[in-house]
Amino acid sequence: MQYTLVIGGRTRRVHLERQGDAFRVTVDQQAFDVHAAEVDGRALSLLVGSTAAQGEGRSVPAVVVPGRMPGELQVAVHGRTLPVQLVPDERSRRRGGGPGDATGPQRIIAPMPGKVVRVLVAPGDEVQPKQGLVVVEAMKMENELRAARAGRVVSVSVVEGQSVDAGAVLAVVE
Amino acid sequence: MSLVPVTKVLIANRGEIAVRVIRACRDMGIATVAVFSDCDRAARHVRMADEAYPIGPNPPRESYLKIDTLIAVAKASGADAVHPGYGFLAENEDFSRACRDAGLTFIGPSPEAIELMGSKTAARQAAIAAGVPVVPGTATPLGAEVSDADVLEIARGVGYPLMLKAVAGGGGKGMRVVATPEELPGALRAARSEAGSAFGDSAVYVERRIMRPRHIEVQLLADHHGTVVPFVERECSIQRRHQKVIEESPSLAVSPELRRRITSAAASVARQVGYTNAGTIECLLDEDGAFYFLEMNTRLQVEHPVTEQVSGVDLVQWQIRIARGEPLTIDPEAALTPKAHAIECRIYAEDPDNNFLPSPGRIVKLQAPQGPGVRDDSGATEGLEVPIFYDPMISKLITWGDDRPQALARMRRALREYEVHGIRTTIPFFTWALDDPDFVAGRFDTSFIDRKLAERAGVPFDQPSADDETAAAVTAALHLVLRAPAVTTAPAAAPESRWRQQARAEALR
């Protein structure tokens, strides 16, 4: 797995190798052995050790929330928040539309706490821009969450009747 | 003695102070009625109250400031008392009077006291009558009919540098510093025009400018039986553009002997005007230890928890007990003996790295600090928006300890623990201020923060190190792996999803 990220004006290439919850993460030339545990979909606990065998080490509490721009994440480490811009790889760039297009997978996110009343798509479905994907009810209002642009549904993470928190990922379209 | 019944309280406010009043009522077994504007439908104070009623659209003028609507809701809900909180209608004598006329107990001072102390010049005269020193200056309002020449003559008697202040003022509006007679006519025009548009009253008054003053204030409680109890002073010199941002108690600049004098002066002013309920006398303390009456706030103040942690007294409960007609039973000696050192940071939804501009938006994650010596008075809720219509304060973080170093250490710890995501807050600003050597040593006056901010010259508060950037890169990548093809929460599909996720990850390599 390989990601290109822009942080603080600098482009960083991050490479990951996975073994269960343990990862070897290489940022540019620097390698880290990291054990990652999810807390609630936004919060992560990272234990950064020098070797995989140690399995534990420096504790890094982290929180990741979607940024205001497409492809942007707000990443907080040690209480400091940094905007991280995801740069799409060559494949997705070729698949995408014009240069003004937003990039990266579209994460369909619950804007407020509510209940999923309808799931309108299944993984594998091709969707058009503005096509409805999931309907969430909150404060007695039904909100249809739609695709921002064309793509293929790669996952749907909720079922009808399920309660979701604000910020929960409901589906992903690539 | 027969007491006035207070069994159900309407809280004519929102945010953290509405929550604070609801808590006091619940502790006393009193029912609570919340009110809300459209955008506050699901706000914390609404969810916490026993009952809640809509009072109109989001702009305060159409909801939280509508006296007739609030009185109607109070009557319809069967409330027998009203707590105004602070801000909004808390210092509006018409509201206090409307409550009284409707047979509702107003949990606060009388309309007469609010009106009297609301006029800065009348308040000065009351202080003079009580034998309390005031900053040298004019005792009467200088309206538009007073000529520049007359004001110049008055100014010569007061001495330069001087301040022009709005009679109806507050919050630094209609205020000008004048260093020389040449500057006076222009400053007078500006101050009058600002006062006129902010308060509907363009009258100003002249006060000598106290150099390098500290802002010291005295919280007091006064019952309906003539008892006035002042508390250990609060130090509120840490202000940004005339707005308090950090408060603490006791003050490093106040000796026990000065405490006696300043608190007994404060009590004299309250007695002079027949004040009842909770109020605060604000003073300036100059470099030589002389103090001057500044003004009286006829309400519960934002920073009241600082006094609560130092004294162990629940001020809001006492406000209700005083309104019922109960006599104060607080030992006055104990009220003047600090039991702890306490400090408060007002956490705002403002971006300190963008000139403290408001940063409204959705709070996507919120985790308040906990542990020994920490109190978080907040009205915010995870998942909800911070509305753009009201004061952007989201929380008051209070810490206390046996002494100032312990209180400060706990504040640093609590600020570090505080997690607010989705909006910007002033937490990084406080982290910086609490580490400033002059702040730690107690060397400051009311210009401290503005001076220190100017010295910073825009260096960002949130300055991530190279290690932070690398950690963020690691975190973002792990988040994308763990979340981007979202982890399916439907149990049956989970194994397939994991498998597919792995397969796709491989395909992307």
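User: What follows helix α3(B) in this predicted model, and what is the sign of its phi?

Analyst: In this predicted model, helix α3(B) is followed by Gly78(B), whose phi is positive, with a value near 80°.

User: Which residues of α3(B) are called buried, and what makes them so?

Analyst: Within α3(B), which spans residues 67-77, the buried residues are Leu70(B), Ile71(B), Val73(B) and Ala74(B). The term applies because a residue counts as buried if 20 or more other C-beta atoms lie within 10 Å of its own. The elements that cover these buried residues include β1 (8-11), β2 (31-37), β3 (51-56), β4 (81-83) and α4 (93-101) of chain B.

User: Why are the buried residues said to be on the same side of α3(B)?

Analyst: Leu70(B), Ile71(B), Val73(B) and Ala74(B) are the buried residues of the helix. They cover an arc of only 160° around the axis, and therefore they are placed on the same side of α3(B). On the other side of α3(B), Asp68(B) and Ala76(B) are exposed, a word that requires 12 or fewer C-beta atoms within the same 10 Å.

User: Why is α7(B) called roughly perpendicular to α8(B)?

Analyst: The axes of α7 (residues 148-158) and α8 (residues 184-199) of chain B come within 10 Å and cross at roughly 110°. Since angles of 65 to 115 degrees count as roughly perpendicular, the crossing makes α7(B) roughly perpendicular to α8(B).

User: Which residues make that contact between α7(B) and α8(B), and how do they divide by class?

Analyst: Asp148(B), Val151(B), Leu152(B) and Ala155(B) take part from α7(B), while Leu184(B), Pro185(B) and Leu188(B) take part from α8(B). By class, the contact has six nonpolar residues, no polar residues and one charged residue.

User: How many residues of chain B are in contact with chain A, and what makes two residues count as being in contact?

Analyst: On the side of chain B there are 37 residues in contact with 52 residues of chain A, where contact requires that the C-beta atoms of two residues lie within 7 Å. At least two residues of the chain B side are supplied by each of β23 (419-421), α17 (466-483) and α18 (494-508), and the largest share, 16 residues, comes from α17(B). By class, this side of chain B has 20 nonpolar, nine polar and eight charged residues.

User: Into which domains is chain A divided, and how many residues of each take part in their contact?

Analyst: Chain A is divided into domain 1 (2-87) and domain 2 (105-173), and the contact takes four residues from domain 1 and four residues from domain 2. The residues on the domain 1 side divide into two nonpolar, one polar and one charged.

Conventions
Residues are numbered from 1 along each chain as its sequence is written. Chains are lettered from A and ligands numbered from 1 in the order in which they are written. This is a predicted model: local features need pLDDT of at least 70, side-chain atom pairs count only at pLDDT 80 or more; totals for chains, interfaces and linings use all residues. Domain bounds come from an automatic or database domain assignment. Ala, Val, Leu, Ile, Met, Phe, Trp, Tyr, Cys and Pro count as nonpolar, Asp, Glu, Lys and Arg as charged, and the others, Gly among them, as polar. Axes are lines fitted to C-alpha atoms, for helices over the stretch in contact, and angles run from 0 to 180 degrees between N-to-C directions. Helices (H or I, at least four residues) and strands (E, at least two) are DSSP runs, numbered from the N terminus. Angles under 35 degrees count as roughly parallel, over 145 as roughly antiparallel, 65 to 115 as roughly perpendicular and the rest as oblique. The arc is that of the directions from the helix axis to the C-beta atoms.
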